[in-house]
Every structure is written in C-alpha cells, then in structure tokens.
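User: Please go through the terms used for this model and show how each one is justified.

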Amino acid sequence: TYEAMLAVANQHPLASKPFVVPEELLSETLITYPVERDRLDIFTRFLEPADIEPAQVRTSELTVMMMQLVASGRGVCGMPHCALHEYSSRRYVKAKRLG
C-alpha cells in the first residue's frame, strides 16, 4: 500500500524519533521532485494542513540524487515508502513515518 514517508540521514536528529510531526520541518531543507506543490503529498497532506513551510525547498529530478543529498545531510525528502524502501533497507537513509 502507498504510504508517504520522510527520508532522513542516519545521523539526523529526526532519525531516532518514531515519527515526524510537521513542526519539525520548520528548520529543514525539503528535497522534492520538480512538480507543482499540489501534486506532492508532503505538502498537501502533511505540511499545508498544519500551516507549516520548511526553511527551504530544493528540487531534484532523480531519486538517486535525492537520496545522496539526504544521506549527506543536505536535507530531508518526502516520498512514497515503495520508492524509499530500497534505500532504507540498505541503511543508506532512514525512513520515518509522518504523524
């Protein structure tokens, strides 16, 4: 089933939390695909209902590049669990539930 999750670096402060709340992204750089915000669940179903805006938004067209940016501590990334599973199962990044 589809579940939106947040990818964070293994050493990121959010990595030890059981889930992430919108307010915790206030100081984060959010890495997304370069599409309209209204097509991204991280905005429409998580941040906007809480009236939260991340510190910065950065885009990348490639999932592998997004994961490299996250793993190197340059931001966090919202994406479906099915797309994130390959990277989190190899412990490249941590997948956190959105709560």
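The exchange below takes the terms in turn.

Analyst: This is a predicted model: local features need pLDDT of at least 70 and side-chain atom pairs count only at pLDDT 80 or more, while totals for chains, interfaces and linings use all residues. Residues are numbered from 1 along each chain as its sequence is written, and side-chain values use heavy atoms, with hydrogens and water left out.

User: How many helices and strands are there in the protein chain?
Analyst: The protein chain has three helices and six strands. Helices (H or I, at least four residues) and strands (E, at least two) are DSSP runs, numbered from the N terminus. Their succession from the N terminus is β-β-β-α-β-α-β-α-β.

User: What makes the protein chain as compact as a globular protein of that length?
Analyst: The radius of gyration is 12 Å, close to the 13 Å that the globule rule gives for 99 residues, so the protein chain is as compact as a globular protein of that length. The radius is taken over C-alpha atoms, and the rule is 2.2 Å times the number of residues to the power 0.38.

User: In what order do the strands form the open sheet?
Analyst: The order of the six strands is β2-β6-β1-β5-β3-β4, with mixed pairing. β2 (19-20) and β4 are the edge strands, as each pairs on one side only. Two strands pair if DSSP finds at least two bridges between them. β1 (residues 4-8) and β5 have four bridges in the antiparallel sense, with M5 opposite M79 and A4 opposite P80. β3 (residues 29-32) and β5 have two bridges in the parallel sense, and L30 stands opposite V76.

User: Why is strand β5 called largely enclosed?
Analyst: Buried means under 20% relative accessible area, exposed over 50%, partly exposed in between (1.4 Å probe, protein chains only). Four of the five residues of β5 (residues 76-80) are buried, so the rest of the structure largely encloses this strand. Over the protein chain, 38% of the 99 residues count as buried.

User: How do you know that the buried residues of α2 line one face of the helix?
Analyst: In α2 (residues 63-71), the buried residues are M66, M67, L69 and V70. Down the helix axis they fall within an arc of 160°, so they line one face. The arc is that of the directions from the helix axis to the C-beta atoms. Their cover includes β1, β3, β4 (56-59), β5 and α3 (81-89), where contact means heavy atoms within 4.5 Å.
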